[in-house]
Amino acid sequence: MAIRLGDIAPDFTAETTNGTINFHEWLGDSWGILFSHPKDFTPVCTTELGAFSARKPEFDARNTKIIGLSVDSLESHQSWAGDIEETQGTALAFPLIADENRNVAELYDMIHPNELETLTVRSVFIIGPDKKVKLTLTYPASTGRNIDEVLRVLDSLQLSAGYTIATPANWQDGDDVIVANSLSDDEAKVKFPKGFTTIKPYLRVTPQPNK
Ligand code: BEZ
(Lines give C-alpha, C1' and ligand atoms only; values in the text may rest on other atoms or scores of the structure.)
Protein backbone atom coordinates (compact mmCIF):
# COMPACT_ATOMS: atom_id res chain seq x y z
CA MET A 1 0.00 0.00 0.00
CA ALA A 2 1.39 3.36 -0.98
CA ILE A 3 2.46 5.77 1.71
CA ARG A 4 0.44 8.96 1.83
CA LEU A 5 1.27 12.40 3.15
CA GLY A 6 0.37 12.63 6.83
CA ASP A 7 0.83 8.89 7.45
CA ILE A 8 3.15 7.86 10.27
CA ALA A 9 6.38 6.74 8.56
CA PRO A 10 6.51 2.96 9.06
CA ASP A 11 9.08 1.97 11.66
CA PHE A 12 11.65 -0.75 11.02
CA THR A 13 14.93 -2.18 12.23
CA ALA A 14 17.58 -2.72 9.55
CA GLU A 15 21.25 -3.43 8.95
CA THR A 16 23.14 -0.38 7.69
CA THR A 17 26.71 0.68 6.99
CA ASN A 18 26.56 2.35 10.44
CA GLY A 19 25.32 -0.78 12.25
CA THR A 20 21.79 -1.89 13.15
CA ILE A 21 19.34 1.01 13.20
CA ASN A 22 15.83 1.25 14.54
CA PHE A 23 14.40 3.96 12.31
CA HIS A 24 12.20 5.87 14.75
CA GLU A 25 14.82 5.70 17.52
CA TRP A 26 17.51 6.82 15.10
CA LEU A 27 15.37 9.76 13.95
CA GLY A 28 14.82 10.93 17.52
CA ASP A 29 13.48 14.50 17.43
CA SER A 30 15.09 15.27 14.05
CA TRP A 31 13.58 15.62 10.64
CA GLY A 32 14.53 12.71 8.41
CA ILE A 33 15.03 11.86 4.75
CA LEU A 34 14.79 8.23 3.69
CA PHE A 35 15.71 7.66 0.06
CA SER A 36 16.22 4.59 -2.09
CA HIS A 37 18.45 4.03 -5.09
CA PRO A 38 18.19 1.08 -7.52
CA LYS A 39 21.58 -0.58 -7.31
CA ASP A 40 25.13 -0.26 -6.03
CA PHE A 41 27.93 0.10 -8.60
CA THR A 42 25.73 1.91 -11.12
CA PRO A 43 26.54 5.33 -12.58
CA VAL A 44 23.60 7.58 -11.65
CA CYS A 45 23.40 6.14 -8.13
CA THR A 46 27.12 6.74 -7.59
CA THR A 47 26.70 10.43 -8.46
CA GLU A 48 23.62 10.75 -6.24
CA LEU A 49 25.25 9.20 -3.18
CA GLY A 50 28.23 11.51 -3.69
CA ALA A 51 25.94 14.53 -4.08
CA PHE A 52 23.93 13.76 -0.91
CA SER A 53 27.18 13.16 1.00
CA ALA A 54 28.73 16.43 -0.17
CA ARG A 55 25.66 18.38 1.00
CA LYS A 56 25.31 16.58 4.36
CA PRO A 57 26.36 19.68 6.37
CA GLU A 58 23.37 21.53 4.87
CA PHE A 59 21.02 18.78 6.06
CA ASP A 60 22.70 18.85 9.50
CA ALA A 61 22.09 22.61 9.65
CA ARG A 62 18.39 21.89 9.14
CA ASN A 63 18.31 19.30 11.96
CA THR A 64 17.69 16.62 9.31
CA LYS A 65 19.18 13.13 9.22
CA ILE A 66 19.57 11.33 5.90
CA ILE A 67 19.60 7.60 5.25
CA GLY A 68 19.81 5.71 1.95
CA LEU A 69 18.63 2.25 0.93
CA SER A 70 18.93 -0.35 -1.76
CA VAL A 71 18.32 -4.10 -1.87
CA ASP A 72 22.07 -4.79 -2.10
CA SER A 73 24.08 -6.45 0.68
CA LEU A 74 26.06 -4.73 3.40
CA GLU A 75 29.30 -6.02 1.86
CA SER A 76 28.29 -4.50 -1.46
CA HIS A 77 27.51 -1.11 0.17
CA GLN A 78 30.84 -1.13 2.00
CA SER A 79 32.78 -1.93 -1.13
CA TRP A 80 30.86 0.63 -3.25
CA ALA A 81 31.54 3.35 -0.62
CA GLY A 82 35.20 3.20 -1.73
CA ASP A 83 34.18 3.96 -5.33
CA ILE A 84 31.96 6.84 -4.19
CA GLU A 85 34.85 8.41 -2.31
CA GLU A 86 37.27 7.81 -5.20
CA THR A 87 35.03 9.13 -7.99
CA GLN A 88 32.84 11.76 -6.27
CA GLY A 89 35.52 13.31 -4.04
CA THR A 90 33.53 12.76 -0.85
CA ALA A 91 33.18 9.85 1.55
CA LEU A 92 29.75 8.31 2.14
CA ALA A 93 28.49 10.52 4.97
CA PHE A 94 25.32 8.80 6.16
CA PRO A 95 24.03 5.24 6.73
CA LEU A 96 23.02 3.04 3.81
CA ILE A 97 20.44 0.36 4.56
CA ALA A 98 21.19 -3.12 3.20
CA ASP A 99 17.62 -4.20 2.46
CA GLU A 100 18.43 -7.57 0.89
CA ASN A 101 15.17 -9.13 2.07
CA ARG A 102 13.20 -6.08 0.80
CA ASN A 103 11.41 -5.53 4.11
CA VAL A 104 11.81 -1.75 4.05
CA ALA A 105 11.36 -1.49 0.27
CA GLU A 106 8.00 -3.22 0.59
CA LEU A 107 6.97 -1.24 3.67
CA TYR A 108 7.56 1.98 1.72
CA ASP A 109 6.37 0.70 -1.68
CA MET A 110 9.75 1.47 -3.26
CA ILE A 111 9.62 -1.32 -5.86
CA HIS A 112 7.63 -0.32 -8.95
CA PRO A 113 7.81 -3.46 -11.13
CA ASN A 114 6.78 -1.70 -14.33
CA GLU A 115 9.85 0.54 -13.97
CA LEU A 116 12.36 -1.89 -12.43
CA GLU A 117 11.20 -5.44 -11.84
CA THR A 118 12.99 -6.23 -8.59
CA LEU A 119 14.97 -3.11 -7.68
CA THR A 120 13.93 -0.01 -5.76
CA VAL A 121 13.19 3.13 -7.76
CA ARG A 122 14.49 6.53 -6.62
CA SER A 123 12.05 7.26 -3.79
CA VAL A 124 12.39 10.16 -1.35
CA PHE A 125 10.42 10.47 1.89
CA ILE A 126 10.75 13.54 4.11
CA ILE A 127 9.61 12.81 7.64
CA GLY A 128 8.88 15.41 10.32
CA PRO A 129 9.86 15.26 14.01
CA ASP A 130 6.31 13.98 14.64
CA LYS A 131 7.27 10.95 12.45
CA LYS A 132 4.66 11.91 9.86
CA VAL A 133 5.44 11.78 6.15
CA LYS A 134 5.63 15.35 4.83
CA LEU A 135 6.74 14.72 1.25
CA THR A 136 7.11 11.86 -1.19
CA LEU A 137 8.99 12.00 -4.50
CA THR A 138 9.56 9.20 -7.00
CA TYR A 139 12.14 9.37 -9.78
CA PRO A 140 12.90 6.78 -12.45
CA ALA A 141 16.23 4.98 -12.69
CA SER A 142 17.37 7.25 -15.52
CA THR A 143 17.08 10.55 -13.60
CA GLY A 144 19.39 11.51 -10.76
CA ARG A 145 17.85 13.65 -8.04
CA ASN A 146 18.47 17.34 -7.52
CA ILE A 147 19.80 18.01 -4.02
CA ASP A 148 18.96 21.71 -4.31
CA GLU A 149 15.30 20.75 -4.77
CA VAL A 150 15.34 18.41 -1.77
CA LEU A 151 16.81 21.20 0.39
CA ARG A 152 14.36 23.75 -1.06
CA VAL A 153 11.31 21.68 -0.19
CA LEU A 154 12.76 20.92 3.24
CA ASP A 155 13.09 24.68 3.85
CA SER A 156 9.49 25.16 2.75
CA LEU A 157 8.24 22.34 4.99
CA GLN A 158 10.15 23.61 8.01
CA LEU A 159 8.98 27.17 7.46
CA SER A 160 5.34 26.18 7.08
CA ALA A 161 5.65 24.03 10.23
CA GLY A 162 6.58 27.15 12.20
CA TYR A 163 4.42 29.82 10.54
CA THR A 164 0.95 29.89 9.01
CA ILE A 165 2.28 30.24 5.49
CA ALA A 166 2.72 28.40 2.20
CA THR A 167 5.44 28.92 -0.39
CA PRO A 168 4.75 29.83 -4.03
CA ALA A 169 6.03 28.21 -7.20
CA ASN A 170 9.80 28.32 -7.54
CA TRP A 171 10.16 29.77 -4.04
CA GLN A 172 13.67 29.95 -2.65
CA ASP A 173 14.74 30.64 0.91
CA GLY A 174 14.49 34.42 1.46
CA ASP A 175 11.69 35.04 -1.06
CA ASP A 176 8.27 36.34 -0.05
CA VAL A 177 5.79 33.70 1.16
CA ILE A 178 2.03 33.30 0.96
CA VAL A 179 -0.21 34.04 3.95
CA ALA A 180 -2.35 30.92 4.56
CA ASN A 181 -6.00 31.37 3.65
CA SER A 182 -6.98 30.00 7.07
CA LEU A 183 -6.01 33.41 8.52
CA SER A 184 -8.32 36.45 8.31
CA ASP A 185 -6.73 39.79 7.45
CA ASP A 186 -6.94 40.80 11.12
CA GLU A 187 -5.18 37.61 12.23
CA ALA A 188 -2.55 38.04 9.50
CA LYS A 189 -1.79 41.59 10.72
CA VAL A 190 -0.94 40.15 14.15
CA LYS A 191 1.02 37.15 12.86
CA PHE A 192 3.00 39.07 10.24
CA PRO A 193 4.09 42.39 11.76
CA LYS A 194 6.11 43.21 8.61
CA GLY A 195 2.74 43.51 6.84
CA PHE A 196 1.34 41.78 3.79
CA THR A 197 0.23 42.69 0.29
CA THR A 198 -3.17 41.58 -0.98
CA ILE A 199 -2.90 40.73 -4.69
CA LYS A 200 -6.28 38.95 -4.59
CA PRO A 201 -8.30 38.21 -1.45
CA TYR A 202 -7.01 34.63 -1.74
CA LEU A 203 -3.42 35.61 -2.64
CA ARG A 204 -1.65 37.61 0.06
CA VAL A 205 2.13 37.76 0.28
CA THR A 206 4.44 38.69 3.13
CA PRO A 207 8.21 38.82 3.61
CA GLN A 208 9.65 35.53 4.85
CA PRO A 209 8.86 35.79 8.57
CA ASN A 210 12.09 34.27 9.98
CA LYS A 211 14.46 36.54 8.03
C1 BEZ B 1 22.10 4.01 -12.47
O2 BEZ B 1 22.25 4.40 -11.31
O3 BEZ B 1 22.74 4.52 -13.39
C4 BEZ B 1 21.08 2.96 -12.78
C5 BEZ B 1 20.66 2.08 -11.82
C6 BEZ B 1 19.76 1.09 -12.14
C7 BEZ B 1 19.23 1.00 -13.41
C8 BEZ B 1 19.63 1.92 -14.36
C9 BEZ B 1 20.55 2.91 -14.06
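**Exercise 1. Find out which residues Leu-69 touches, leaving out those up to four places away in sequence.**

Solution. Start with the contacts, where contact means heavy atoms within 4.5 Å. Leu-69 touches Phe-35, Ser-36, His-37, Leu-96, Ile-97, Asp-99, Val-104, Ala-105, Met-110 and Thr-120. Next, place the residue: Leu-69 sits in strand β4 (residues 64-70). Helices (H or I, at least four residues) and strands (E, at least two) are DSSP runs, numbered from the N terminus. Then check its cover. Leu-69 has a relative accessible area of 0%, so it is buried; buried means under 20% relative accessible area, exposed over 50%, partly exposed in between (1.4 Å probe, protein chains only). Last, pick one partner: Ser-36 is 33 residues away from Leu-69 in sequence, yet their C-alpha atoms are 4.5 Å apart.

A quick word on what you're looking at: this is a predicted model, where local features need pLDDT of at least 70, side-chain atom pairs count only at pLDDT 80 or more, and totals for chains, interfaces and linings use all residues. Residues are numbered from 1 along each chain as its sequence is written, and side-chain values use heavy atoms, with hydrogens and water left out.

**Exercise 2. Work out whether the span of helix α4 (residues 74-88) agrees with its 15 residues.**

Solution. The expected span of a helix is 1.5 Å times one less than its number of residues. For the 15 residues of α4 that gives 21 Å, and the end C-alpha atoms are 20 Å apart, so the two agree. Now look at the buried side: Leu-74, Ser-76, His-77, Trp-80, Ala-81 and Ile-84 are buried in α4. Those buried residues pack against β1 (13-16), α2, β4 and β5 (96-98). Right after the helix comes Gly-89, with a positive phi near 70°.

**Exercise 3. Do the same for helix α2 (residues 43-54), and list its buried residues.**

Solution. This helix has 12 residues, and 16 Å is expected at 1.5 Å a residue. From first C-alpha to last, α2 reaches 17 Å, close to that value. Its buried residues are Cys-45, Thr-46, Glu-48, Leu-49, Gly-50, Phe-52 and Ser-53.

**Exercise 4. Decide whether Ile-111 and Arg-62 are buried or exposed.**

Solution. Take Ile-111, in the loop between α5 (103-107) and β6 (122-127). Its relative accessibility is 17%, so Ile-111 counts as buried. Beyond four places in sequence, its contacts are Arg-102, Ala-105, Leu-116, Glu-117, Thr-118, Leu-119 and Thr-120. Now Arg-62, from the loop between α3 (56-61) and β4: its relative accessible area is 19%, so Arg-62 is buried too. With neighbours within four places set aside, Arg-62 is in contact with Trp-31, Leu-151, Leu-154, Asp-155 and Gln-158.

**Exercise 5. Step back and describe the whole chain.**

Solution. Count the elements: the chain has seven helices and 11 strands. Then the domains, whose bounds come from an automatic or database domain assignment: domain 1 covers 13-145 and domain 2 covers 163-206. Taken over C-alpha atoms, their centres are 35 Å apart. Along the principal axes, the C-alpha atoms fill a box of roughly 60 × 35 × 35 Å. Finally, check burial and contacts: 46% of the 211 residues count as buried, and of the contacts between residues at least 6 apart in sequence, 65% join residues at least 24 apart.
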